[in-house]
Amino acid sequence: MQEKDQPSLTFLGATGTVTGSRYLVEQGRRRILIDCGLFQGFKQLRLRNWNPFPVPPESISDVLLTHAHLDHSGYLPALVRNGFRGKIHATPSTTELCGLLLPDSGHLQEEEARYARRKAFSKHRDPQPLYTLDDAKAALGHFDPVSFDTALDMGDRISARFIPAGHLLGAASIRLTIDGRVLHFSGDVGRPTDPMMRSPDQFSGADILIIESTYGNRTHSPVDAEAELAEVINKVVGRRGTILVPAFAVGRVQGIMLQIARLRERGEIPDIPVYLNTPMGANATDIYHRHHGEHRVSWDDCRAMFDLAVRIRTVEESKALNRDVGPKIIVSASGMLTGGRILHHVVSFGQDPKNAIVLSGFQAGGTRGAALVSGKRALRIFGEDIPIRAEVIQLEGLSGHADADELLAWMGKAKPPQMTYVTHGEPDAADALRFRIEHELGWDVRVPEHLERVLIRSPQ
């Protein structure tokens with residue numbers, strides 16, 4: 001077979017960063033995109049969202065989606081607006097969650113563009129959203145739900161299968177078979193001890209493995225997550241403060257609400273108001289309630305989590321929270337402080353030392369959350385430098401990603417692939433995991449470059 005006729009894999013994103021997950025598989029005239037995420041964090045990464053897509057969107061035949069988080073799904077509305085006409089294959093839960101995430105993302109982008117225009121803090125005379133609410137709704141019409149562990153025949157001797165990956169409701173690893181060659185895209189791998197999600201299915205081998213490395217250079221602290229959260233709440237409430245919890249509206253919000261509900265039920269924290277200020281997060285909680293079989297949470301805990309918080313629906317209700325000086329917990333998106341209503345709360349509460357900002361997940365480089373973790377105590381928000389005098393606390397026990405030891409255990413029982421590619425991690429994390437795979441498992445492994453294209457060789 002001539003080189004030009006061999007299937008290929010191109011790394012369109014998630015190289016040198018934990019965001020912008022995008023992989024292109026080409027076989028003849030077929031182009032299949034695995035994930036279609038937004039770049040987030042550093043400005044030079046965010047600017048990639050505005051660049052023309054590396055291949056014409058109309059030339060892509062299908063998209064396969066590992067899960068709903070925006071760093072994996074968030075570019076889909078722009079892809080569809082710019083010409084993609086195929087199907088977006090995802091698990092039923094991922095399809096439902098994208099029905100919340102993508103319109104919310106479009107709405108927020110429109111809202112932020114209007115706010116920047118009104119306040120004149122953008123360098124652009126007429127700031128525009130990357131895509132709109134209507135673009136997001138149009139993208140939803142392309143979704144094709146596919147159940148876990150069901151073979152999807154895509155034609156031309158290509159098939160796909162969605163394998164449970166833990167991490168998030170509906171999250172999957174994707175096994176793509178092309179004329180006998182097997183590519184396994186890990187997606188985001190969950191933890192075997194996750195208090196909400198079931199354990200990921202073990203990696204069973206492949207010709208090529210594409211593995212995430214979010215925590216490739218770290219192991220999670222063996223802390224009791226509920227005890228850790230209780231200590232924070234009691235300390236801040238003791239000084240009559242407000243606790244801000246920036247959280248990913250899908251996944252992290254539900255985990256935090258579950259833990260607060262359990263702590264309150266046991267009387268380990270005061271009965272103070274809890275506000276959920278993300279309509280999308282509230283609706284996502286409903287989806288968790290419906291898809292009970294995919295997670296570990298009991299019906300009673302699920303109902304307690306569902307009923308815990310006062311749900312903030314309108315902008316007016318959100319503004320009213322900023323005028324309430326009493327002790328309370330506000331859970332709001334986004335988890336890395338990249339946008340959303342949480343930024344208005346940080347402006348209002350972040351300047352008072354009796355309050356606290358509690359970070360509950362991974363903070364990608366270049367985000368406001370990462371700046372706080374690194375010790376920075378002023379954030380650029382809405383064109384102004386806002387001093388942060390509130391206590392900043394990063395919880396160690398709430399990560400939804402497998403750490404380095406857990407990733408190696410997930411891989412370690414399989415036959416070595418022909419090649420393993422380490423992606424979806426900051427450079428130090430990706431290289432640390434590469435080193436361990438090479439030296440502890442003895443596998444051939446590389447960290448690919450952005451836009452690198454590799455050939456998919458025939459099975460040996």
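How many salt bridges does a search of the whole structure find? In this predicted model, the search finds 21 salt bridges, and the views below show some of them after three views of strand pairing.

**View 1. Seven strands of the model form an open sheet with mixed pairing.** The strands of this open sheet, 7 in number, follow the order 6-5-4-3-2-1-22. Strand 6 (143-145) and strand 22 (453-455) are the edge strands, each of them pairing on one side only. From one strand to the next, the twist averages 25 degrees.

**View 2. Strand 1 and strand 2 of the open sheet pair in the antiparallel sense.** Strand 1 covers residues 8-11 and strand 2 covers residues 23-27, and 4 bridges are found between them. For orientation in this view, S8 can be located through its bridge partner in strand 2, which is E26.

**View 3. Strand 7, strand 8 and strand 9 are joined by antiparallel pairing, strand 7 with strand 8 and strand 8 with strand 9.** Strand 7 (residues 152-155) pairs with strand 8 (residues 158-164) over 3 bridges, and within this pairing D153 stands opposite S159 of strand 8. The two strands, 7 and 8, form a hairpin in which 2 residues lie between them, and D156 in the turn has a positive phi of about 55 degrees. On strand 8 there is also a pairing with strand 9 (residues 172-178), which runs over 7 bridges, and here P164 stands opposite A172 of strand 9.

**View 4. R290 and E96 form a salt bridge that links distant parts of the chain.** Side chains of opposite charge can pair when their charged atoms come close. The closest N and O atoms of R290 and E96 are 2.5 Å apart. R290 belongs to helix 8 (residues 279-290) and E96 to helix 4 (residues 92-119), and the two residues are 194 residues apart. With a relative accessibility of 53%, R290 counts as exposed because this value is over 50%, whereas E96, at a relative accessible area of 28%, is partly exposed.

**View 5. R266 and E226 meet in a salt bridge between a loop and a helix.** The N to O distance between the two side chains is 2.8 Å. R266 lies in the loop between helix 7 (252-265) and strand 13 (274-276), while E226 lies in helix 6 (residues 225-238), so the salt bridge ties together parts that are 40 residues apart in sequence. E226 counts as buried because its relative accessibility, 13%, is under 20%, whereas R266 is partly exposed, with a relative accessible area of 44%. Both residues also belong to a network of salt bridges that links E226, R262, R266 and E268.

**View 6. R436 and D405 form a salt bridge between two helices.** In this pair, the closest N and O atoms are 2.9 Å apart. R436 sits in helix 14 (residues 427-441) and D405 in helix 13 (residues 404-411), so that the pair links distant parts of the chain, 31 residues apart. At 21% relative accessibility, R436 counts as partly exposed, and D405, with a relative accessible area of 39%, is likewise partly exposed.

Key
Residues are numbered from 1 along each chain as its sequence is written. This is a predicted model: local features need pLDDT of at least 70, side-chain atom pairs count only at pLDDT 80 or more; totals for chains, interfaces and linings use all residues. Side-chain values use heavy atoms; hydrogens and water are left out. Two strands pair if DSSP finds at least two bridges between them. Helices (H or I, at least four residues) and strands (E, at least two) are DSSP runs, numbered from the N terminus. Axes are lines fitted to C-alpha atoms, for helices over the stretch in contact, and angles run from 0 to 180 degrees between N-to-C directions. A salt bridge is a side-chain nitrogen of Lys or Arg within 4 Å of a carboxyl oxygen of Asp or Glu. Buried means under 20% relative accessible area, exposed over 50%, partly exposed in between (1.4 Å probe, protein chains only).
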